[in-house]
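Thank you for making time for this one. Please have the sequence and the structure open beside you while I talk, and stop me wherever something is unclear.

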Amino acid sequence: MSWPKLPDGTVDWMTVFQDPKTGLISLLELSDTSDKLRDCFRYIIDALFTRDDDAEVRQNYYDILRETFDVDCGADALGGQKIKIRMVMMRVMNDRIKLAREYAEMQTAENGDQADARRSEDAPEAVAV
């Protein structure tokens, strides 16, 4: 899957989640039944948390899914479910944005350290008098 990128090379998570036409939250809002919303949310969680070491995180979101959709809330359940899922997705988006920023800062620091090392290797040795 190709994700939109920011100039620093990290994923533009704001666009991924909030683009009015293609954002994950916007797509969730199109669900017209609880079953569709549940299935869409599960698909998104599976797509975002694909690594083997994401299993615990995935399970936490599956638990939220179960708590949200396995309770019979009557005919008006969909509106409340959308609100809860939107809040969860905003949290996921904010976590992703934070991690991307931290990664970009780490990369910038590493690149700066490498540039400093190259400059010191190129500098002539000081001659002791």
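**From the core outwards**

Let me begin with W13, which counts as buried because its relative accessible area is 10%. I should say straight away that this is a predicted model, so please hear everything that follows as computed from that prediction.

The partner to look at next is F17, whose relative accessibility is 0%, and which therefore counts as buried. W13 and F17 are 4 residues apart in helix α1, which means that about one helical turn separates them.

How many aromatic pairs does a search of the whole structure find? The search finds 3, and one of them is formed by W13 and F17, a tilted pair with 6.1 Å from centre to centre and 50° between the planes. These two residues also belong to one aromatic cluster together with W3.

Another pair is made by F49 and Y61, and because the ring centres are 5.3 Å apart and the planes lie at 20°, this pair is stacked. Here the pair links distant parts of the chain, since F49 sits in the loop between α3 and α4 while Y61 sits in helix α4, 12 residues apart. Both F49 and Y61 are buried.

With those side chains in mind, we can turn to the core. As a general point, nonpolar side chains in soluble globular proteins tend to be buried together. In this model the largest nonpolar core has 26 residues, and W13, F17, F41, L48, Y61 and M89 are those with the most contacts inside it. Two or more residues of this core come from each of α1, residues 13-18, α2, α3, residues 34-48, α4 and α5. Which element gives the most to this core? That is α5, with 8 residues.

M89 gives us a view of how this looks around a single residue: if we leave aside its neighbours within four places in sequence, M89 is in contact with F17, L24, I25, L28, F41 and I44.

Now to the spaces in the model, beginning with the pocket. The largest pocket has a volume of about 570 Å³, and two or more residues of its lining come from each of α3, α4 and α5. Its lining is made up of 19 residues, and those nearest the centre are W13, L48, R51, R96 and L99, so that W13 and L48, which we met among the residues with the most contacts inside the core, appear here again. α5 gives the most to this lining, with 7 residues, and by type the lining divides into 12 nonpolar, 2 polar and 5 charged residues.

There is also 1 cavity of 30 Å³ or more, and the volume of the largest cavity is about 30 Å³. Its lining consists of I25, L28, E29, L37, K82, I85 and R86, with α2, residues 24-29, and α5, residues 77-122, each supplying at least two of them. What is the division of that lining into nonpolar, polar and charged residues? There are 4 nonpolar and 3 charged residues, and no polar ones.

I will finish with T68, which lies in helix α4, residues 55-69, and which counts as buried because its relative accessibility is 6%. Beyond its neighbours within four places in sequence, T68 is in contact with Q81, K84 and I85, and I85 is one of the residues that line the largest cavity.

How values were computed: Residues numbered from 1 in each chain as written. Predicted model: local features only at pLDDT ≥ 70, side-chain atom pairs only at ≥ 80, totals over all residues. Heavy atoms only, no water. 1 Å grid on protein atoms, 1.4 Å probe; cavity = no way out; pocket = protein on both sides within 12 Å on 5 of 7 lines; lining within 4 Å. Points joined across faces, edges and corners; volume = space filled by probe spheres on them. Nonpolar A, V, L, I, M, F, W, Y, C, P; charged D, E, K, R; others polar. Buried < 20%, exposed > 50% of the residue type's maximum accessible area, 1.4 Å probe, protein only. Contact = heavy atoms within 4.5 Å. Core = buried A, V, L, I, M, F, W, Y, C linked by side-chain atoms within 4.5 Å. Phe/Tyr/Trp six-rings, centres within 6.5 Å; stacked < 30°, edge-to-face > 60°.
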